[in-house]
Amino acid sequence: MADPIITLTTDFGEEGPYVAAMKGVILGINPAARLIDLTHQVPPQDVRHAAYFLAESIPYFPSDVLHIVVVDPGVGSDRAILYVEIEGHRLLVPDNGCWTLIPASPERVIRVEEPRYRRASVSSTFHGRDIFAPAAGHLSCGLDPERLGPAISEWQRLAVPMPRPLPDGIGGELVFVDHFGNLITNIAATQVKRQPTTLVIDSQACPDFAWVSTYADADPGRLVVLVSSNGFIEVAVAEGDAAKRLNVMRGASIVLRWA
Amino acid sequence: MADPIITLTTDFGEEGPYVAAMKGVILGINPAARLIDLTHQVPPQDVRHAAYFLAESIPYFPSDVLHIVVVDPGVGSDRAILYVEIEGHRLLVPDNGCWTLIPASPERVIRVEEPRYRRASVSSTFHGRDIFAPAAGHLSCGLDPERLGPAISEWQRLAVPMPRPLPDGIGGELVFVDHFGNLITNIAATQVKRQPTTLVIDSQACPDFAWVSTYADADPGRLVVLVSSNGFIEVAVAEGDAAKRLNVMRGASIVLRWA
Amino acid sequence: MADPIITLTTDFGEEGPYVAAMKGVILGINPAARLIDLTHQVPPQDVRHAAYFLAESIPYFPSDVLHIVVVDPGVGSDRAILYVEIEGHRLLVPDNGCWTLIPASPERVIRVEEPRYRRASVSSTFHGRDIFAPAAGHLSCGLDPERLGPAISEWQRLAVPMPRPLPDGIGGELVFVDHFGNLITNIAATQVKRQPTTLVIDSQACPDFAWVSTYADADPGRLVVLVSSNGFIEVAVAEGDAAKRLNVMRGASIVLRWA
């Protein structure tokens, strides 16, 4: 059997020693663990960014992988740390809702509180190193999750913004801006009844857009609307950066209308 | 025998879920695959950057490694996806020439088109997740590459800019600007007949340079010309950033003359 | 037994081929090596940054791990390359003091000079690929470190800035600015006798700060002073960036006074 896999998702960046310290602690407990970086570039304290990231990546993993997520503005407060099983995926997360956009109901949620599976001295500001990493190390060695703490039935959830139907159209919002400046919305492709003829983003009318299947269908520099790889409506600039072009950020409104 | 290695080279950055989704898909097919990040910081859609990157890194790997490269402005168009074997290295690449600066002739090139080795649903904008990752997973499990599609003999190639000889000198161009702001040229060290006395970059005369063996041979801040670690002429600033100092980018011209 | 682990810490960034080339060379010698990135985001040539990074991460690793560190402004000069064993940790480092803030005495230090364990051709500007990577590959295959060169007893050391006691207070300096803009000082928490009432950073009085246990104890945006996860005094902004707020960098002075 392959050695156990542990992934890491944080907002720590890479210039400081925090990710490295976590890797050291995990390997100190389980030298056979296979560590995989998912990202350390979640914007600082941006729980909603983390939530989108997890919803769009964790479901692709096989179910025996353990995912550590440390995007944790509440570190050291009385917010809980959770061990979650959801569609067979296993997560260690702060209880701030970061995992709750994964579209499924969890099989179980455990509050991690057993001191035996922490570092001997626990700081107030780096639970990634002192609680998450040791718990992951022990779980990857086969520790029964029930040993970490009690099962619970209440936890923080993120509200999902829902699009609203309009006469001959639909209104939604930008839920993610990716590395290319592509704007991903919360409007499912299936909610768009006909090819859109009107596009308004953040109150700016964008008359000159093309409805395409993929970026290469338009000339470089053209504003395009298409179905994103996750089945939602996306606004992009072919070989360009739509976020910069339109000067918009996550949370901006979008309206599509069809004739 | 060691578990199979798969490397990843993309322009996806790390803040979004794309690299993570690819890793999930690969491990879902082959949980024993050992994933190694080469880079996710190729500038968006910059095929020429990717080509230099691959030419300067792939040859150092042992031959049984499988390299996935997703720098793919043509995603979803009719551009092909290729499986390439070149000097024993194995690559999955979009057919945009990104691999063609590796200085060798390929042993074989296969057009990847067999639907059986894709995800069940293939998006138009994320073939990294839907075609490259599953193909890599299956290949790492021992799939015969011939099962992916037909061998072909035509593919896209990048033109290599060649330096031109001058009277008592040589003219070339900057083919890579690295993280330190060092300027790597297309002028092989062997083409420089004597120690240069004149340096012109992007039409700027740079009178005060030193010809050195390594950065530490000059005082910090000094403009230096030296032989780069790949055998080509490099312009740098000792403990500084030549690209910023001279305000130049890839593609700028360079002229060296000797007395 | 688990396959041998080799970590990588560099200032190479990720857009260029340097890290990838090193990984290729290591795997060419030992295909079973498990490569772990610690960081490639040390600021260029910033030995002191690397030293803090290593002091705060290496001690968390188990002792059989081999750590390659290439932050090396002296590459190609007569500076030595060292193999170090310190509290059981194994390092390959340039002799510029980058490892000397790890709080322990080394068990042994060897000067790496045996040509047999280098690449056949050694460049003047990329010893990471040509000397460090092959040495690491061979060490991970079980090479006796004594084969690399002679044991030595003299090496470069970084001076550690010491805080100075003041009447009812203490003066120190900022020794690290992390990804969040948190300011880590060289003042141990144990040196602070009572709760501070006065804070001066880089000659700026900061009257409105809160003394807290963790970030979440203050309202977002509040300047806070707390004990960092390494036991030293830290200045931060709750859910914000103290370095930007105060416009300070590493090396700035800090004074704490208590009534």
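**Interfaces of chain B and a mixed sheet in chain A**

Chain C and chain B bury about 2,700 Å² between them, with 61% of that area on carbon and sulfur atoms. The model is a predicted one, and the values reported here are computed from it. The contact draws on 34 residues from chain C and 32 residues from chain B. No salt bridge is found across the interface of chain C and chain B, whereas 12 residue pairs, both at pLDDT 80 or more, are in polar contact between these two chains. On the side of chain C that touches chain B, the elements that give two or more residues are α1 (18–29) and β2 (34–39) of chain C; of the elements on this side, α1(C) gives the most, with eight residues. By class, the residues on this side of chain C divide into 15 nonpolar, 12 polar and seven charged.

Chain B is also in contact with chain A, where 32 residues of chain A meet 34 residues of chain B. Chain A and chain B bury about 2,700 Å² between them, and carbon and sulfur atoms account for 61% of it. Within chain A, the residues that lose the most area to chain B are A:Tyr60, A:His179 and A:Phe180, which together make up 26% of what that side buries. Between chain A and chain B the count of salt bridges is zero, while 12 residue pairs, both at pLDDT 80 or more, are in polar contact across this interface. The side of chain A that touches chain B receives two or more residues from each of β2 (34–39), α2 (47–55) and β13 (223–227) of chain A, and β2(A) gives the most, with five residues. This side of chain A comprises 16 nonpolar, 10 polar and six charged residues.

The strand β2 of chain A also belongs to an open sheet of six strands, arranged in the order β2-β1-β3-β5-β4-β6 with mixed pairing. In this sheet β2 and β6 (106–111) of chain A stand at the edges and have a single partner strand each, so that one side of each is left without a neighbour in the sheet. From one strand to the next, the twist averages 20°. Elsewhere in the strand order, β3 (residues 66–70) and β5 (residues 89–94) of chain A run parallel and are joined by three bridges. Across this pair of strands, A:Ile68 stands opposite A:Leu92 in β5(A).

Definitions and conventions: Residues are numbered from 1 along each chain as its sequence is written. Chains are lettered from A and ligands numbered from 1 in the order in which they are written. This is a predicted model: local features need pLDDT of at least 70, side-chain atom pairs count only at pLDDT 80 or more; totals for chains, interfaces and linings use all residues. Side-chain values use heavy atoms; hydrogens and water are left out. Contact means heavy atoms within 4.5 Å. Buried area is the accessible area (1.4 Å probe) that two parts lose on being put together, summed over both. A salt bridge is a side-chain nitrogen of Lys or Arg within 4 Å of a carboxyl oxygen of Asp or Glu. A polar contact is a pair of N or O atoms within 3.5 Å; within protein, one must be able to donate a hydrogen and the other to accept it, and residues adjacent in sequence count only if both atoms are side-chain atoms. Helices (H or I, at least four residues) and strands (E, at least two) are DSSP runs, numbered from the N terminus. Ala, Val, Leu, Ile, Met, Phe, Trp, Tyr, Cys and Pro count as nonpolar, Asp, Glu, Lys and Arg as charged, and the others, Gly among them, as polar. Two strands pair if DSSP finds at least two bridges between them. Axes are lines fitted to C-alpha atoms, for helices over the stretch in contact, and angles run from 0 to 180 degrees between N-to-C directions.
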